[in-house]
Each structure stands twice: as C-alpha cells, then as structure tokens.
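Trainee: I have the coordinates open and want to test the labels we put on them. Can we go through the reasoning term by term?

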Amino acid sequence: ELPGRCNHLEGRIPAIVMVGGSTLEELRKKTKDLRGVDEPVLGGKIMMMVDAFGLRPLWQSYTEDSSANDKRFCQQILDQVPQGGLMIYDLGFFSFDWFDKSTDQNKYFVTRMRHKTAYKVVRTLSEGPHYRDQIIEVGKYRSNPCKHHLRMVSVLWGRSWYRYLTNVLDAERLPAKDVCDLYRIRWRIE
C-alpha cells in the first residue's frame, strides 16, 4: 500500500496507477536462431501499469523491438486509465502532446520536469524557503507548446531542487506534498 501520507487519496481519485517500461535482458543464445550471433540480443520491451495501492498488475504490453520508445505505448496506456484517474510515470513519457491528450480526456499525471524545458510562471500558489507550488505554461520557445497550463511543484533536497509536474491544478485536490510523495513511490514499480 502507499505510504501512510498518501492513504487519504485512496477513494478520492478513481485510480492511481504507476506506469513503467523496461528493456528485457539479453536472451540466451541457445536457440537455433541466435546461435552464432556475436552482438547482444535483447528480449524486447515490456510496459506495465500497476495499481499504486495494491501493486496489482492492471495492464501490460510487449514489443520485440527493444529500442521502442516509451511514448509508443501512450495511447494504449491512456485507454486503460479511467476518467479522473492519475498516472505516475518517469521522463520517458515527457511530451507536450501526451500532457495535452491526458488533460483533454480528464486523466491526470505526476511526473518530473525535464531540466531544459522552457516555462513561464503564470501564478504562484504557495512558496517557502524549501518549496514552490506554481501554475506554469510549458514550451515557451517551441513552435508547438503545451496548450494547457500545468502545475510545477519544486522541492529543495539538500542543495538540489527537484521539480515535479502535474495537470491537477487544484492544490486542495492534490496537495504539493502528495505530488512529491506520489512520484517517490513510483520507484516501487522498478
């Protein structure tokens, strides 16, 4: 189950899921097809969706293409998440188009902010010496910016700022501390 600080979210959000992909390990070269092949032969790529509370597998997909980009699975993932559901995923899914499609379908996410992403602060919801909670526009200098505002929660850990993105703009519905806690538990899927 989720850490105690997040248990209050269960039932308030229709589904909270963690999504992650992995390139499968090198296949053993014992089959006829692989004998004599000098370079490594990877086992393909698998994508999983797991319930964040019970860690139950909810969906999976596989491709033999071990170099497949995570974004290849985006539409399949979106089809599996109920309206109002929340996905937690890593930077492999960072895409303005994906953010917009999720928002357009009333499906939510928590992810990290990519370092060199241009953004403009629209409004600061709250801030202190070790955190900021802001509504932002992303893709400020791109020809195809994100069409919806996003929320960036920044937290200072030691000397480094960690920045998380979500399309849940209402801080009462998903407080800043929950955004950080949810992303931290994403590593459980690994």
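What follows is a short exchange that sets values against cut-offs.

Mentor: Keep in mind that this is a predicted model. The chain comes to three helices and nine strands. Along the sequence the pattern is β-β-β-α-β-α-β-β-β-β-β-α.

Trainee: What is the order of the strands in the sheet, and why is the pairing called mixed?

Mentor: The order is 3-2-1-4-5-9-8-7-6, and the sheet is open. Strand 4 (residues 86-88) and strand 5 (residues 108-112) run in the parallel sense. Strand 7 and strand 8 run antiparallel. Both senses occur, and the pairing is mixed.

Trainee: Which strands stand at the edges?

Mentor: Strand 3 (57-63) and strand 6 (119-128). Each has a single partner strand, so one side of each is left without a neighbour in the sheet. From one strand to the next, the twist averages 20°.

Trainee: What makes strand 4 and strand 5 a pair?

Mentor: Pairing needs at least two bridges. Strand 4 and strand 5 have three bridges, so they qualify as a pair. Within this pair, isoleucine 88 has valine 110 as its bridge partner.

Trainee: How do you know that strand 8 pairs with strand 7 and with strand 9?

Mentor: Apply the cut-off of at least two bridges again. Six bridges join strand 7 to strand 8. Seven bridges join strand 8 to strand 9, also antiparallel. For examples, arginine 132 stands opposite serine 154, and valine 153 stands opposite tyrosine 164. Strand 8 and strand 9 form a hairpin with two residues between them. In its turn, glycine 158 has a positive phi of about 65°.

Trainee: Why is strand 8 described as largely enclosed?

Mentor: Six of its eight residues are buried, so the rest of the structure largely encloses strand 8. Over the whole chain of 190 residues, 44% count as buried.

Trainee: Why is tyrosine 89 called buried?

Mentor: Buried means under 20% relative accessible area. Tyrosine 89 has 0%, so it is buried. Tryptophan 98 has 3%, so the label holds there too.

Trainee: Why is the pair of tyrosine 89 and tryptophan 98 called tilted?

Mentor: Take the distance, then the angle. The ring centres are 5.8 Å apart, and a pair needs them within 6.5 Å. The planes make 50°. Stacked needs under 30 degrees and edge-to-face needs over 60, so this pair is tilted.

Trainee: What makes phenylalanine 94 and phenylalanine 99 edge-to-face?

Mentor: Their planes stand at 85°, and over 60 counts as edge-to-face. The centres are 5.1 Å apart. Both residues are buried. The structure holds nine aromatic pairs. One aromatic cluster is formed by Tyr89, Phe93, Phe94, Phe96, Trp98, Phe99 and Phe109.

Trainee: What does helix 2 pack on?

Mentor: Helix 2 (residues 96-104) packs on the sheet. Its contacts are with strand 4, strand 5, strand 7, strand 8 and strand 9. The direction of helix 2 makes about 155° with that of strand 5. Phe96, Trp98, Phe99, Asp100 and Ser102 are the buried residues of helix 2. These buried residues also pack against helix 1. After helix 2 comes asparagine 106, with a positive phi near 60°.

Trainee: Where does helix 3 sit?

Mentor: Helix 3 (residues 176-185) packs on the sheet as well, touching strand 1, strand 4, strand 5, strand 7, strand 8 and strand 9. The direction of helix 3 makes about 75° with that of strand 8.

Trainee: Which residues have the most contacts inside the largest nonpolar core?

Mentor: Ile77, Met87, Trp98, Phe99 and Leu165, in a core of 27 residues. Strand 1, strand 2, helix 1, helix 2, strand 7 and strand 8 each give two or more residues to this core. Apart from it lies another core, of 23 residues, including Leu86, Val155, Leu174 and Tyr183.

Trainee: What is methionine 87 in contact with, beyond four places in sequence?

Mentor: Its contacts include Val17, Ile77, Leu78, Trp98 and Phe109.

Trainee: How much area does the chain expose?

Mentor: About 10,700 Å², and carbon and sulfur atoms supply 48% of it.

Definitions and conventions. Residues numbered from 1 in each chain as written. Predicted model: local features only at pLDDT ≥ 70, side-chain atom pairs only at ≥ 80, totals over all residues. Heavy atoms only, no water. Helix = DSSP H or I, 4+ residues; strand = E, 2+ residues; numbered from the N terminus. Axes fitted to C-alpha atoms, helices over the stretch in contact; angles between N-to-C directions. Contact = heavy atoms within 4.5 Å. Core = buried A, V, L, I, M, F, W, Y, C linked by side-chain atoms within 4.5 Å. Buried < 20%, exposed > 50% of the residue type's maximum accessible area, 1.4 Å probe, protein only. Areas by Shrake-Rupley, 256 points an atom, 1.4 Å probe, with all protein chains shown as cover. Phe/Tyr/Trp six-rings, centres within 6.5 Å; stacked < 30°, edge-to-face > 60°.
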